[in-house]
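Here is a briefing on one chain. Read it with the sequence and the structure side by side.

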Amino acid sequence: MNPHILTTLMLGLGLGTTITFASSHWLLAWMGLEMNTLAIIPLMAQHHHPRAVEATTKYFLTQATAAAMLLFAATTNAWLTGQWDILHMSHPFPTTMITLALALKVGLAPLHSWLPEVLQGLDLTTGLILSTWQKLAPFALLAQITPTNSTLLIMLGLASTFVGGWGGLNQTQLRKILAYSSVAHLGWMILVLQFSPSLTLLALFTYFIMTFSMFLVFKLNKSTSVNALATSWAKTPILTSLAPLILLSLGGLPPLTGFMPKWLILQELSKQDLPAVATIAALSALLSLYFYLRLSYAMTLTMSPNNLAGTTPWRLPHNQVTLPLAASTLATLTLLPLTPAALALLTF
């Protein structure tokens, strides 16, 4: 893609998210979300592959539906209450509709079915943008309308943690596994959103770091399926030995960074007298942990099937910049001891 066009599209992505962040009026927030959608569509279809065009079409139709629902709900709220302000969502009907529209935008269960199919049709770089940056604007709106949707948000969160874990069990494509991983992590964030928005922000930040690291590992190895992971050891042995730790951090095992948000979320749910919700969420995390362990096994404990003994793939020099990968991997593995500092910042 032409560098000038790419720069324009990336600036459009940033501007759309910034407009949504800065808006207090529903029409302005809707405009920012639309700018976001329109800026990423050319990035998704840039390779002109039929699968990429199919994924782009599915994404466009889904986002257009969610945007139409959001605009209709905002108009209904203005009709019922006379208010266009985001913070003045007092009527339950438009508030519920906007929550569902934003859940469709980010891919929360049971409105998640578009996300694995879309992510599977994209290259890893665009998939990374879709899994991280595109979640920011809808989450900023969800955080502002949460006080009236407690039961709905808990139902969406529990459904997402279960669907995200269950859906990834039988997958062989890495991008679909990462999509279901995204659904499960979003479920954890939604569970605690109404009680502690700052804790949701911490969980979103750590999810971004871990997902960024995992996408870059797959991009460096040029791996898109579980079977392709078996050749990773011959290509990048040091990175392959670190990759299971990144996966286990995504699963939330101590003493890795991914344990921090899950631990704090379970603690907060217990404080809010929701022990049953906390228990179900903790059990659903075991489903996700299974397919992370499966990927770790495929990457480090299996050998690629070869017709000739001793045949290894070519170790061609790569020109990818590895500094972002090194920084995100370090953060993915070692931030747990900074939990008290994170809590102090959140309560400041």
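His 48 is exposed, because its relative accessibility of 67% is over 50%. The model is predicted, and phi of His 48 in this model is near 60 degrees. That is a positive value in a residue other than glycine. His 48 sits in the loop between helix H2 (26-44) and helix H3 (50-81).

**Backbone: positive phi and cis peptides**

- Lys 222 also has a positive phi without being glycine, with a value near 55 degrees.
- The loop between H10 and helix H11 (232-235) holds Lys 222.
- Lys 222 counts as exposed, because its relative accessibility is 68%.
- Ala 109 and Pro 110 are joined by a cis peptide bond, with omega at about 5 degrees.
- Pro 110 belongs to the loop between helix H4 (92-106) and helix H5 (114-120).
- Another cis peptide bond links Pro 254 to Pro 255, and omega is about 5 degrees.
- Pro 255 is found in the loop between helix H12 (237-251) and H13.

**Ser 225**

- Ser 225 lies in the loop between H10 and H11.
- Ser 225 has a relative accessible area of 18%. The cut-off for buried is under 20%, so Ser 225 counts as buried.
- Ser 225 is in contact with Thr 172, Gln 173 and Leu 174, leaving aside neighbours within four places in sequence.

**Domains and their interface**

- The domain assignment splits the chain into domain 1 (1-124) and domain 2 (149-311 + 320-347).
- The centres of domain 1 and domain 2, taken over C-alpha atoms, are 24 Å apart.
- On the domain 1 side, 18 residues make contact with 22 residues of domain 2.
- About 1800 Å² is buried between domain 1 and domain 2. Carbon and sulfur atoms give 73% of that area.
- Leu 108, Gln 120 and Leu 124 supply 38% of the area that domain 1 buries against domain 2. No other three residues supply more.

**Nonpolar cores**

- The largest nonpolar core has 50 residues.
- Ile 40, Tyr 59, Val 118, Leu 130, Met 214, Val 217 and Phe 218 touch the most other members of this core.
- Helix H10 (residues 197-221) gives the largest share of this core, 7 residues.
- Where does this core lie with respect to domain 1 and domain 2? Both domains give residues to the core, so it lies between them.
- Val 118 touches Met 44, Ala 55, Lys 58, Tyr 59 and Leu 130, not counting residues up to four places away in sequence.
- A second core, separate from the largest, has 49 residues. Its members include Trp 26, Ala 203, Phe 208 and Leu 269.

**Aromatic pairs**

- A pair of aromatic rings is described by the distance of the centres and the angle of the planes.
- With ring centres within 6.5 Å as the cut-off, the count is 4 aromatic pairs.
- The ring centres of Phe 259 and Trp 263 are 5.7 Å apart, and the planes stand at 10 degrees. Planes under 30 degrees apart count as stacked, so this pair is stacked.
- Phe 259 and Trp 263 are 4 residues apart in helix H13 (residues 259-271), so about one helical turn separates them.
- Phe 259 is partly exposed, because its relative accessibility is 24%.
- Trp 263 is partly exposed as well, because its relative accessibility is 40%.
- Phe 291 and Tyr 292 have ring centres 4.9 Å apart and planes at 55 degrees, so this pair is tilted.
- Are Phe 291 and Tyr 292 buried or exposed? Phe 291 is buried at 0% relative accessibility, and Tyr 292 is buried at 2% relative accessible area.

**Record annotation: transmembrane regions**

- An unreviewed UniProt entry places the feature "transmembrane region" at residues 60-80, 151-170, 177-195, 201-221, 233-254, 274-293 and 325-346.
- Over residues 177-195 the model is 89% helix and 0% strand. The end C-alpha atoms of this stretch are 29 Å apart.
- Over residues 274-293 the model is 95% helix and 0% strand. The end C-alpha atoms of this stretch are 29 Å apart.

Conventions: Residues are numbered from 1 along each chain as its sequence is written. This is a predicted model: local features need pLDDT of at least 70, side-chain atom pairs count only at pLDDT 80 or more; totals for chains, interfaces and linings use all residues. Side-chain values use heavy atoms; hydrogens and water are left out. Rings of Phe, Tyr and Trp (its six-membered ring) pair if their centres lie within 6.5 Å; planes under 30 degrees apart count as stacked, over 60 as edge-to-face and the rest as tilted. Helices (H or I, at least four residues) and strands (E, at least two) are DSSP runs, numbered from the N terminus. Buried means under 20% relative accessible area, exposed over 50%, partly exposed in between (1.4 Å probe, protein chains only). UniProt positions are given in the numbering used here, feature names are shortened, and annotations may be inferred rather than shown by experiment. A nonpolar core is a set of buried Ala, Val, Leu, Ile, Met, Phe, Trp, Tyr and Cys residues joined through side-chain atoms within 4.5 Å. Domain bounds come from an automatic or database domain assignment. Contact means heavy atoms within 4.5 Å. Buried area is the accessible area (1.4 Å probe) that two parts lose on being put together, summed over both.
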